[in-house]
Amino acid sequence: MEKAQIIVVALAAIAFVLYRQTTPRPAARRAGPIISVAMILGGLASDGEALVDPLHPVLAVTLLVSGLIVAAGLGALRATTTRVWRDPHGVAWSQGTGLTLLAWAGSVAARIAMMALTALLGVATSQGSILLFVGVTLGVQFLVVAWRANALPGAAVPDAYAAR
């Protein structure tokens, strides 16, 4: 994929996720991790382009790993801004808040800053690194929200509803 295409895919995914995150939804969702894994695999594939600049391998790996650590940290931060609760039937729900949107803005700003730093240092970046960043940050956010939902008090499915 071309860089512009990857950026469009990443932005479309973020817009979709933002919309979905700000509407109440059951916290136990399978689509979130699947989307994350698909984006990570897409980032790793990136049309055979090397993820690491062969002219600056140590610096490139350091920047890539640092970016993924930042992505994971920001995903965990956003997950803490998400409202998680159980309804009267015991089903866990989640909904992003205004702070979640603010944290997303911070995530985008952090990614832009990482890209600017990489360019400033003269390190070539892979087009797939954008998909990797988004896949990791979404994956961690989904996992932390799921963990928080599972930690809520009360049965996941009350006995009265288990037989249905």
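Me: What makes the link between the side chains of R78 and Q141 a polar contact?

Reply: The side chains of R78 and Q141 are joined at 2.8 Å. A polar contact is a pair of N or O atoms within 3.5 Å; within protein, one must be able to donate a hydrogen and the other to accept it, and residues adjacent in sequence count only if both atoms are side-chain atoms. The value of 2.8 Å is within 3.5 Å, and the term therefore applies. The model is predicted: local features need pLDDT of at least 70 and side-chain atom pairs pLDDT 80 or more, while totals for chains, interfaces and linings use all residues. Residues are numbered from 1 along each chain as its sequence is written, and side-chain values use heavy atoms, without hydrogens and water.

Me: Is R78 called buried or exposed, and why?

Reply: R78 lies in helix 3 (residues 57–80), a DSSP run of H or I with at least four residues, whereas a strand is a run of E with at least two. R78 is called buried because its relative accessibility is 0%, and buried means under 20% relative accessible area (exposed is over 50%, partly exposed in between; 1.4 Å probe, protein chains only). Among the residues that R78 touches, beyond four places in sequence, are T100, W104 and L138; contact means heavy atoms within 4.5 Å.

Me: How do you know that strand 2 and strand 3 pair?

Reply: Pairing requires that DSSP find at least two bridges. Strand 2 (residues 83–86) and strand 3 are antiparallel and share 4 bridges, one partnership being that of W85 with W93. Strand 1 (residues 25–26) also runs antiparallel to strand 3, with 2 bridges, and R25 is opposite S94. The hairpin of strands 2 and 3 has 5 residues between them, including G90, whose phi is positive at about 90 degrees.

Me: Which residues form the covered face of strand 3, and which the uncovered one?

Reply: In strand 3 (residues 92–95), A92 and S94 are on the covered face, W93 and Q95 on the uncovered one. In a regular strand the side chains alternate between the two faces of the sheet.

Me: What makes the lining of the second largest cavity differ in class, residue by residue?

Reply: Its lining has 2 nonpolar, 7 polar and 3 charged residues. Ala, Val, Leu, Ile, Met, Phe, Trp, Tyr, Cys and Pro count as nonpolar, Asp, Glu, Lys and Arg as charged, and the others, Gly among them, as polar. Among the lining residues, F142 and V145 are therefore nonpolar, and R20, R25 and R29 charged.

Key
1 Å grid on protein atoms, 1.4 Å probe; cavity = no way out; pocket = protein on both sides within 12 Å on 5 of 7 lines; lining within 4 Å.
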